[in-house]
Amino acid sequence: MPENSRPEFGRRGFLAGAAAVAAAGAVPLTAAPAAAAPTAARPNILLIVTDDQPKHTDWAIQNTIAWLGGQGVTYPNGHVATPLCAPSRSSIFSGRFAHNHGVRNNGASAALDQHTTVQRYLSQAGYRTGLFGKYLNSWALADNPPHFEDWLLLQPSYQDARYNDNGTVRTINGYATNVIKNHTLAFLDKAATDTRPWFAYVTPYASHEPNKPAPKYADTPVPAWNGRPSVTEEDRSDKPAYIRDATATLTDARELRQRQLRTLLSVDDAVQAFHDKLAALGQLDNTLVVYLGDNGYTWADHGWLKKSVPYSPSHQVPFYLSWPAGGLGAGTTDNRIAANIDVAPTILDAAGIVPDTPQDGRSLLGDQRRDHLLVEWWRQGTGAGTPNTWASYVATDRQYTEYYDLKTDAAGTVTGTGQVLFREYYDLVSDPYQLQNLLYQATPQQEQALGIPALAARLAADRAL
């Protein structure tokens with residue numbers, strides 16, 4: 001069975017789809033002071049960010065795809081600019097690359113300038129704001145999240161978790177995804193009496209390790225999966241040392257995939273509940289819904305069973321957008337490169353707010369197109385078996401990566417010589433699974449023919465922006 005298909009098992013069927021509009025360049029934008037459209041014209045905003053959800057998980061999110069794919073836009077080339085939780089979420093909030101917002105690792109959440117966040121803009125513009133679920137790694141549970149007036153902040157766990165519930169830290173019994181769903185529904189219900197437009201940031205812990213499913217899905221059959229060519233890759237001599245030493249197997253990947261899919265079934269239930277609530281409130285058409293993962297995940301690709309690497313499964317994510325009242329409800333597909341740095345600009349554009357702080361992303365409501373995306377990741381500390389800091393030029397047809405002698409501390413401070421330690425280049429048209437590093441033992445003439453000098457210069461320029 002194809003990895004994207006899903007048998008019914010008594011659940012709603014799949015609707016394909018999705019569409020128009022995409023992002024463009026990676027140049028910081030400094031605009032005029034913030035301004036907003038009249039309140040009555042502004043959409044509600046529902047931003048759903050899952051945890052460690054890779055692509056090829058469609059089987060588990062059929063209701064989500066039926067709604068957001070069938071009545072919105074699907075971005076098959078959706079990416080994150082840093083495949084790690086806190087840096088990615090900070091990019092979602094701010095529309096900025098991690099090297100600009102400063103949250104280069106999961107310990108550096110305090111580096112995010114809260115004045116640059118989409119929640120600040122929306123709150124200041126008169127939106128009712130709510131946060132339900134995971135916020136930022138290393139954020140103290142007792143600290144209230146800025147610019148939200150209603151929140152249920154999760155200390156990551158799947159069952160009987162601890163929460164900051166509007167300033168009170170307490171345990172709430174039950175499966176975390178369901179708890180988050182119910183608090184979100186209560187927030188949406190307030191729209192019946194509160195006429196302000198609203199922004200709900202909903203972020204379940206699924207499908208992060210330990211990928212514990214709800215009891216009702218603990219034994220749900222999951223379609224068989226035979227891996228990808230990158231999972232059974234026999235010769236990794238052309239890869240960096242941490243990949244040559246990686247030991248994850250197809251069996252490991254199958255077990256992880258099964259757990260992830262089962263946890264995502266509860267997310268799909270929550271998304272369906274949000275759809276039904278918005279329909280009952282009469283707010284379905286004028287709600288902009290954005291759904292994406294905060295990073296992807298490898299299923300033993302090249303022996304690696306994690307994230308944080310430059311290979312496609314790590315930084316490609318499910319990415320959907322729906323807003324029927326804004327013309328995004330036809331169920332179409334947009335093949336342009338979209339990224340997490342585009343989320344904040346898109347939301348602000350829909351709300352008629354002009355940002356007064358720099359942004360690297362572009363609104364997906366426009367027609368701009370980027371020909372590549374900068375993807376970057378920083379090593380924290382000196383532990384063995386982890387990648388060195390890297391940056392990558394990612395296009396739809398090729399990818400060029402450099403690894404550097406750089407590391408960060410818990411605050412995100414960077415040290416090191418910056419020397420290039422290893423390089424990779426993949427032709428994604430002929431080699432979509434990134435099996436042959438064309439720079440391995442390449443001659444200068446071969447590098448020139450591949451256009452490596454120009455790519456290296458472009459990558460250096462992107463990192464400096």
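## The largest pocket

A pocket here is an open set of grid points with protein on both sides within 12 Å along at least five of seven lines. With that in hand, and keeping in mind that this is a predicted model, the largest pocket comes out at about 440 Å³.

Its lining runs to 23 residues, and the ones nearest the centre of the pocket are K55, H56, S312, Q316 and P432. Sorted by character, the lining of this pocket has 10 nonpolar, nine polar and four charged residues.

## Two closed cavities

Then there are the enclosed spaces: two cavities reach 30 Å³ or more. The largest cavity has a volume of about 50 Å³. Around it sit I48, T177, I180, K181, V202, P204, V267, A270, V271 and F274. Helices α5 and α7 (250-281) are the elements that each supply two or more of those lining residues, and α7 gives the most, with four. The lining of the largest cavity splits into eight nonpolar residues, one polar and one charged.

The second largest cavity is about 30 Å³ in volume. Its walls are made by W67, Q71, L284, T287, V289, S322 and P324. Here the split is four nonpolar, three polar and no charged residues.

## K181, a lysine without a partner

K181 deserves a closer look. It belongs to helix α5, which covers residues 176-189, and it also helps line the largest cavity. Where would a salt-bridge partner for K181 come from? The nearest side chain of opposite charge is D269, but at 6.2 Å away it doesn't make the 4 Å cut-off for a salt bridge. That leaves K181 buried with no salt bridge.

Leaving out residues up to four places away in sequence, K181 touches D269, A270, A273 and F274. Two of these contacts, A270 and F274, turn up in the lining of the largest cavity as well.

## Y297, a buried loop residue

Is Y297 buried or exposed? Its relative accessibility is 8%, so Y297 counts as buried, the cut-off for that being under 20%. Y297 is found in the loop between β9 (287-293) and α8 (312-315).

Setting aside residues up to four places away in sequence, Y297 has contacts with D52, P54, E209, L256, Q260, L305, K306, K307, P313 and S314. For a sense of distance, take Y297 and A110: they are 187 residues apart in sequence, and their C-alpha atoms lie 25 Å apart in space.

How values were computed. Residues are numbered from 1 along each chain as its sequence is written. This is a predicted model: local features need pLDDT of at least 70, side-chain atom pairs count only at pLDDT 80 or more; totals for chains, interfaces and linings use all residues. Side-chain values use heavy atoms; hydrogens and water are left out. Buried means under 20% relative accessible area, exposed over 50%, partly exposed in between (1.4 Å probe, protein chains only). Lys and Arg count as positive and Asp and Glu as negative; His and the chain ends are not counted. Contact means heavy atoms within 4.5 Å. On a 1 Å grid over the protein atoms alone, a cavity is a set of points where a 1.4 Å probe fits but cannot get out, and a pocket is an open set with protein on both sides within 12 Å along at least five of seven lines; lining residues have an atom within 4 Å of a point. Grid points are joined across faces, edges and corners, and a volume is the space filled by probe spheres set on the points. Ala, Val, Leu, Ile, Met, Phe, Trp, Tyr, Cys and Pro count as nonpolar, Asp, Glu, Lys and Arg as charged, and the others, Gly among them, as polar.
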